[in-house]
Amino acid sequence: MLRITAPWVIPVDGAAISEGAILVDTQGRIAAVGPDIAVPRPPDAEQQHMADAAIIPGLVNTHAHLELTGFAGQADAPEFWNWIKQIIALKAGRTPEEFFLAAQRGIRQSWAAGVTTICDMGNTGSVIAALDDLGASGVAHHEVFDLHQGDARDTMKRFSRELDDLARHATGRVTIGVSPHAPYTVSGPVYRATAELARAHGVPIAVHIAEPADETALLRDFTGSFADFLKSRGVAPITAAPISPVAWLEHHDVLSPRTICAHAIHTDAADATLLARHGAAIAHCPRSNRHHHHADAPIARYADTGLRIGLGTDSEASVAPLDLLAEARIARTLTGWNAAETLRALTLGGAEALNLAAATGSLSRGKWADLAAIRVEATQTPEEAVLAGSPADVLATWLGGRRVH
């Protein structure tokens with residue numbers, strides 16, 4: 001057993017506790033949380049005191065690309081499609097072993113930043129293998145593309161074989177998911193087939209949607225950089241009439257309570273209503289949105305519509321270093337959240353977006369002991385002090401009671 005004490009314990013689903021304590025059982029779950037004087041002191045429990053710190057639930061990163069770890073600063077094209085092509089070229093120069101090692105580094109860096117649960121998207125299979133190898137917690141969504149060419153059946157046969165191979169890593173707290181990448185790389189038939197596969201196997205689905213403005217132009221009137229690329233490959237207009245990216249997903253049965261939509265920048269009120277009707281969730285990545293697209297997602301509208309919202313970092317090839325606390329500070333300015341609401345989005349809100357709130361996201365009895373100790377200043381409220389921090393202020397991280405940083 002493990003008993004941890006600190007000047008502050010912030011359960012997130014309850015008020016902050018001054019001079020608090022957490023008792024972790026032998027299975028790595030929270031057995032008790034409360035004031036130090038009220039939490040049992042088993043004689044065989046390991047005792048740890050985190051001075052000048054607040055203990056919070058481990059952070060939940062709802063959108064990452066950890067296979068791109070190590071590419072920070074190596075792709076700098078200002079136009080998004082050209083940046084993607086730079087990333088493709090960088091990936092072509094890596095071996096499978098190098099991707100695996102990069103994913104491991106990304107997981108360890110996440111732990112060092114207080115993150116205990118990761119929702120990742122990638123096409124190399126390295127992240128789910130690394131999550132499994134390190135005994136981590138996360139959802140690894142395997143990507144599928146067809147660039148609007150070829151036979152969807154052939155694409156799905158190949159994709160299914162890849163999933164079958166990767167499924168052996170979906171053990172412990174590691175989950176496999178699927179990810180039809182984006183409207184500019186995935187045809188309607190492949191979207192529909194991937195959604196059907198996800199439903200048939202009960203796995204989650206993650207998509208990039210309404211991210212660059214040219215994606216909207218592609219589906220509106222077949223113009224912009226993505227349309228130009230597809231035209232160069234002999235692809236005809238992909239829609240019979242203008243449609244929004246979110247409505248495109250609905251048209252192909254992609255939206256559901258197990259769908260998480262990354263970025264979702266270029267949307268309107270009707271799109272938000274569609275997302276809410278289907279119970280989809282949002283992975284909000286404000287730093288990446290601003291870096292690549294010089295735009296903010298309408299996150300306040302999503303919150304007002306009642307959508308589940310988590311925060312994500314995207315890849316370090318987009319914005320480095322990965323820092324969920326920095327993402328949270330921007331999200332707060334866009335939504336008007338108070339400190340407690342912002343901290344909730346970092347933890348329980350992210351867990352809700354991933355349908356993992358029964359197991360993590362708050363310091364509740366019976367949940368996994370996913371914890372982060374963050375250095376705080378005594379002059380601030382504990383929530384404000386946590387939000388003012390950075391990865392350098394993370395003193396320790398526990399995953400299921402196991403200290404991983």
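**Asking how the terms apply**

Visitor: What share of the contacts between residues at least 6 apart in sequence joins residues at least 24 apart?
Guide: In this protein that share is 70%, where a contact means heavy atoms within 4.5 Å. Before we go on, this is a predicted model: local features need pLDDT of at least 70, side-chain atom pairs count only at pLDDT 80 or more, and totals for chains, interfaces and linings use all residues. Residues are numbered from 1 along each chain as its sequence is written, and side-chain values use heavy atoms, with hydrogens and water left out.

Visitor: How do you know whether the radius of gyration agrees with that of a compact globule?
Guide: The rule is 2.2 Å times the number of residues to the power 0.38, and the radius is taken over C-alpha atoms. For 405 residues a compact globule would come out near 22 Å; the protein has 21 Å, so the two agree.

Visitor: Why is Leu147 called buried, partly exposed or exposed?
Guide: Buried means under 20% relative accessible area, exposed means over 50%, and partly exposed is in between, using a 1.4 Å probe and protein chains only. Leu147 has 23%, so it counts as partly exposed. Asp253, at 36%, is therefore partly exposed too. Over the whole protein, 59% of the 405 residues are buried.

Visitor: What makes the phi of Leu147 and of Asp253 worth a look?
Guide: Most residues other than glycine have a negative phi. Leu147 has a positive one, near 50°, in the loop between β8 (138–144) and α4 (152–166). Asp253 is not a glycine either, yet its phi is about 60°; its place is the loop between α8 and β11 (259–263).

Visitor: Why are α6 and β10 called a helix and a strand?
Guide: Both names come from DSSP runs numbered from the N terminus: helices are H or I with at least four residues, strands are E with at least two. Helix α6 covers residues 213–221, and Glu215, Ala217, Leu218 and Leu219 in it are buried. Their cover includes β10 (205–209), α7 (225–232) and α8 (245–251).

Visitor: What makes a group of residues a nonpolar core?
Guide: Its members are buried Ala, Val, Leu, Ile, Met, Phe, Trp, Tyr and Cys residues joined through side-chain atoms within 4.5 Å. The largest core here has 98 residues, and Ile107, Cys261 and Ile282 are among those with the most contacts inside it. Helix α1 (residues 80–92) gives the most to this core, six residues. A second, separate core of 17 residues includes Leu2 and Trp398.
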